[in-house]
Amino acid sequence: MPNRKFADGEVVMGRWPGSVLYYEVQVTSYDDVAHLYTVKYKDGTELALKESDIRSQSSFKHRKSQSSSSSPSRRSSSRSRSRSRSPGRPARGRRRSASQSREQKDDKKKTIQETSLALPVFVLFKPSENNTKRYNGEPESTEKNDTSCIILEQKLKPDLEVKRVLEQYSLRPRKDEKKKEEIYSEKKTFMAVKPIEKVPTKTKEMEFGGRIGTFLLIFFLPATVFYLLLMCKQDDPSLLNFPPLPALESLWEWRVFGVYVLWFFLQAVFHLLPIGKVVEGLPLSNGRRLQYRINGFYAFLLTAAAIAALLYFQFELHYLYDHFMQFAASAAAFSLALSIYLYVRSLKAPEEELAPGGNSGYFIYDFFTGHELNPRIGSFDLKYFCELRPGLIGWVVINLAMLLAEMKIHNLSVPSLSMILVNSFQLLYVVDALWNEEAVLTTMDIIHDGFGFMLAFGDLVWVPFVYSLQAFYLVGHPTTITWPAAAAITVLNCLGYYIFRSANSQKNNFRRNPADPKLANLKFIPTATGKGLLVTGWWGFVRHPNYLGDIIMALAWSLPCGFNHILPYFYVIYFICLLVHREARDEHQCKQKYGLAWERYCQRVPYRIFPYIY
Ligand code: NDP
């Protein structure tokens with residue numbers, strides 16, 4: 001028995017998940033393991049469908065030009081409904097002038113002609129008909145590129161199905177359009193269409209330089225951390241002044257490793273405390289939603305209390321400074337062990353729980369990018385925990401240790417202004433991340449990336465030990481800045497923070513509840529997946545306003561270190577590279593998810609991160 005019915009490249013009718021609506025799609029590949037076809041819609045959106053959701057084109061009968069139905073709605077638009085209608089075009093039954101009507105018919109004819117694939121016709125609608133115009137004021141001319149027509153299966157009664165379609169996509173007469181409450185409720189209905197993510201199949205396009213790139217990165221990333229830390233310890237940390245390599249055994253101390261493990265498990269205990277609300281994450285490819293406990297800020301408060309108690313009992317926190325390299329080595333060893341564990345357990349994970357980007361079948365690549373999307377031990381989500389807890393909270397503890405070390409080494413009664421600025425700015429950043437912990441659930445790390453070496457090392461080593469570089473630098477390289485300079489840097493940081501926070505909140509609130517009245521003034525482009533793309537507000541300014549804010553803050557964190565060396569600017573330089581690369585990855589994924597809707601968004605918002613520059 002052949003194990004697949006449809007061939008690659010074949011044009012078939014694909015069922016719109018959760019409905020009886022069929023789109024014209026092209027088969028692009030077939031996954032033998034998951035028994036899923038990857039199909040491509042005309043707007044570029046790709047979905048994975050089961051064979052039972054696919055029909056051959058011949059199983060659809062072409063609709064006659066005159067309907068025999070006595071339904072008034074059908075009578076009123078029997079001709080025009082036999083063609084694809086773009087979202088935003090007037091609903092049936094609306095009054096139109098003869099010229100308008102002619103124009104639209106011509107337009108529709110053109111649309112049909114432009115479509116290279118033959119369109120069977122029975123009842124034709126688009127998934128988000130009416131929504132585009134209602135919400136974002138998009139001109140009609142931009143709409144003809146939307147998804148292919150939807151065709152109701154011939155065996156179903158047409159009128160009943162028309163009603164179902166109207167209900168499903170909340171198509172309403174024009175007179176309702178101005179009613180705000182209905183717009184909200186319609187927004188809700190529109191968004192209630194289950195977001196459809198692609199079910200993970202094999203990763204076809206490898207990132208980070210593929211197998212060779214990821215292999216090299218496994219060595220390059222730890223080497224960079226140690227290089228930076230060694231440089232920072234030098235009196236003259238000029239680029240060409242390479243630090244002498246330390247003896248390997250000097251990098252390891254079991255007591256330090258024990259302290260690190262204790263720290264990790266203490267944070268795990270804080271995370272497990274039954275305090276804080278439990279929220280649901282975004283729907284997974286199988287429609288399930290995972291639950292997450294939001295108590296990062298409480299964990300931070302408990303940690304602060306624990307540190308205060310240690311200081312009260314005269315514990316010398318600059319122990320961290322004295323053994324900084326050994327702590328970094330311990331964290332690196334721990335993250336490597338964790339990555340190995342994650343990879344081994346991912347081999348037993350069901351296909352649907354694998355990360356869309358970390359399922360190439362190549363050990364090194366999957367080990368690096370993360371094979372399993374949401375590895376959990378019971379309800380304990382390892383990736384979510386590592387994202388914000390041991391590394392991020394560890395970062396501010398390290399900063400505090402550097403501040404105390406500076407005071408001790410330079411015999412200061414108060415820390416330097418530079419150290420205070422660096423500590424305060426970064427503390428704000430961490431507290432903000434923990435306060436808005438829920439927002440992490442809509443980030444790429446949680447939604448798309450698996451949990452492997454990249455995130456384990458990034459969260460546990462890179463963040464705490466590289467992001468604290470400025471504070472570490474200031475201990476060995478005291479820098480004096482004037483009050484006006486400090487004030488200007490503070491303003492810069494506040495500006496960056498404002499952009500970063502408001503952009504992230506806007507998107508997060510919109511994703512969580514698009515009907516939120518606070519977002520009523522924002523316009524968006526609907527997409528075939530049921531999610532909208534904001535085109536006004538911060539997300540209409542540039543395509544990644546949150547990155548812009550983050551980069552401005554990164555600059556403000558480096559400036560207090562003066563201009564003697566480039567080393568404290570490593571963070572901002574690296575961060576620009578990281579976010580430019582991340583932005584490109586995100587663009588690529590969004591293009592796949594949203595197809596032409598994404599292109600339309602890019603046309604309306606042409607700059608990626610820096611307005612008028614990039
Ligand atoms: P973003 O928060 O920028 O999310 C990108 C996603 O947002 C897209 O995949 C898309 O997902 C959605 N989106 C894109 N455009 C729109 C739009 N117009 N309207 C609505 N939704 C849209 O991703 P990141 O995870 O990269 O970043 C999160 C935060 O973390 C940022 O502030 C970033 O600066 C910060 N960050 C910090 C790092 C650090 O080391 N300090 C490292 C990386 C990030 P969908 O449509 O599926 O919802």
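Q: Helices here are DSSP runs of H or I with at least four residues, and strands are DSSP runs of E with at least two, both numbered from the N terminus. This is a predicted model. With that in hand, which elements each supply at least two residues of the shell around the ligand, and which one gives the most?
A: Let's start with the list of contributors. At least two residues of the shell come from each of helix H18 (483–512), strand S13, H19, H20 and helix H21 (596–604). Among these elements, the one that gives the most, with eight residues, is H20.

Q: How many residues of the shell around the ligand are nonpolar?
A: The shell holds 27 residues, and those that come nearest to the ligand are Tyr 467, Tyr 547, Asp 550, Arg 582 and Tyr 594. Domain 2 (210–480) and domain 3 (481–613) each provide at least three residues of this shell. Sorted by type, the shell has seven charged residues, five polar ones and a nonpolar group of 15.

Q: What is the distance from a side-chain N or O atom of Tyr 594 to an oxygen atom of the ligand?
A: Happily, there are several polar side chains to look at here. Asp 586 places a polar side-chain atom 2.5 Å from a ligand oxygen, and for Lys 593 the distance from a side-chain N or O atom to an oxygen of the ligand is 2.6 Å. For Tyr 594, the corresponding distance to a ligand oxygen is 2.3 Å.

Q: What share of the ligand's accessible area does the protein cover?
A: One side chain with a polar atom close at hand is Asp 586, at 2.5 Å from an oxygen of the ligand. On its own, the ligand has 910 Å² of accessible area, and the part of this that the protein covers is 92%.

Q: How far apart in sequence are the parts that Glu 437 and Arg 389 tie together?
A: Searching the whole structure gives 13 salt bridges. One of them joins Glu 437 to Arg 389, with 2.6 Å between the closest N and O atoms. Glu 437 sits in the loop between helices H14 (417–435) and H15 (444–447), while Arg 389 sits in the loop between helices H12 (382–388) and H13 (390–409), so the separation in sequence of the parts they tie together is 48 residues.

Q: Is Glu 437 buried or exposed?
A: The cut-off for buried is under 20% relative accessible area. Arg 389, the salt-bridge partner of Glu 437, has a relative accessibility of 0% and counts as buried. Glu 437 has a relative accessibility of 0%, so Glu 437 is buried.

Q: Which residues are joined with Arg 585 into one network of salt bridges?
A: Arg 585 pairs with Asp 449, the closest N and O atoms lying 2.7 Å apart. Arg 585 belongs to helix H20 (residues 570–594) and Asp 449 to the loop between H15 and helix H16 (453–466), so the pair ties together parts 136 residues apart in sequence. The side chain of Glu 587, also in helix H20, meets Arg 543, which lies in the loop between strand S13 (532–534) and helix H19 (545–558), in a salt bridge of 2.6 Å from N to O. Through shared salt-bridge partners, Arg 585 is joined into one network with Glu 207 and Asp 449.

Q: With the side chain of which residue does the side chain of Asp 432 make a polar contact?
A: Asp 432 is part of helix H14. Its relative accessible area is 4%, so Asp 432 is buried. At 2.8 Å, the polar contact of the Asp 432 side chain is with the side chain of Arg 501.

Definitions and conventions: Residues numbered from 1 in each chain as written. Predicted model: local features only at pLDDT ≥ 70, side-chain atom pairs only at ≥ 80, totals over all residues. Heavy atoms only, no water. Salt bridge = Lys/Arg side-chain N within 4 Å of Asp/Glu carboxyl O. Buried < 20%, exposed > 50% of the residue type's maximum accessible area, 1.4 Å probe, protein only. Near = heavy atom within 4 Å. Polar contact = N/O pair within 3.5 Å; in protein donor to acceptor, adjacent residues only side chain to side chain. Areas by Shrake-Rupley, 256 points an atom, 1.4 Å probe, with all protein chains shown as cover. Nonpolar A, V, L, I, M, F, W, Y, C, P; charged D, E, K, R; others polar. Domains from an automatic or database assignment.
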